[in-house]
Amino acid sequence: RGRPLGLAVYAVTPAFVVAATDGANDTTAGLLILVALLAAVRWPVGGAVLLAVATAFKPYALAWLPGLVAYAGTMAPLLAFFR
């Protein structure tokens, strides 16, 4: 349960929340990665869709895809990246 805690702290720190609204897309991608990981707990494909959105902001978000595929136990999350 506490694994994404560091990412959650990063995403909701007031300075980063303000930066996310001023056009800095690094913090927006971090927030989207957090939401994608939290959504992937219940719905891995939905988490992959959100991860694809985060990847549209910053390509480094793609680094989370292999872990998401391994967590899902299927290749279904890859469909979000090829649509």
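## Overall architecture

From the N terminus on, the elements of the chain run α-α-α-α-α, and the count for this predicted model is accordingly given as five helices and zero strands. Of the 83 residues of the chain, 30% count as buried.

Among contacts between residues at least 6 apart in sequence, 48% join residues that are at least 24 apart. One pair with a wide spacing along the chain, D26 and K58, is taken up below.

## Surface and the nonpolar patch

The chain exposes about 5,300 Å², and carbon and sulfur atoms supply 70% of that area. On this surface, W43, V45, V49, V53 and F57 make a nonpolar patch of about 430 Å².

One of the patch residues, V49, is found in helix α4, which covers residues 44–57. Because its relative accessibility is 41%, V49 counts as partly exposed, the limits of that class being 20% and 50%.

## D26 and its contacts

Helix α3 spans residues 25–42 and includes D26. With a relative accessible area of 38%, D26 is partly exposed.

When residues up to four places away in sequence are not counted, D26 touches Y10, K58 and Y60. For one of these partners, K58, the backbone separation is also available: the C-alpha atoms of D26 and K58 are separated by 7.0 Å, although the two residues are 32 residues apart along the chain.

## The two sides of helix α5

Helix α5 comprises residues 65–72, and within this helix L65, L68 and V69 are buried. These three residues lie on the same side of α5, because they cover an arc of only 100° around the axis.

Which residues does α5 carry on the face turned away from its buried side? That face holds the exposed residues P66, A70 and Y71, so that, with "buried" meaning under 20% relative accessible area and "exposed" meaning over 50%, α5 has L65, L68 and V69 in the buried class and P66, A70 and Y71 in the exposed class.

Just after α5 comes G73, a residue that takes a positive phi of about 75°.

Technical notes. Residues numbered from 1 in each chain as written. Predicted model: local features only at pLDDT ≥ 70, side-chain atom pairs only at ≥ 80, totals over all residues. Heavy atoms only, no water. Buried < 20%, exposed > 50% of the residue type's maximum accessible area, 1.4 Å probe, protein only. Helix = DSSP H or I, 4+ residues; strand = E, 2+ residues; numbered from the N terminus. Arc of directions from axis to C-beta. Contact = heavy atoms within 4.5 Å. Areas by Shrake-Rupley, 256 points an atom, 1.4 Å probe, with all protein chains shown as cover. Patch = residues over 30% accessible without salt bridge, like charges linked within 9 Å, V, L, I, M, F, W, Y side chains within 5 Å. Salt bridge = Lys/Arg side-chain N within 4 Å of Asp/Glu carboxyl O.
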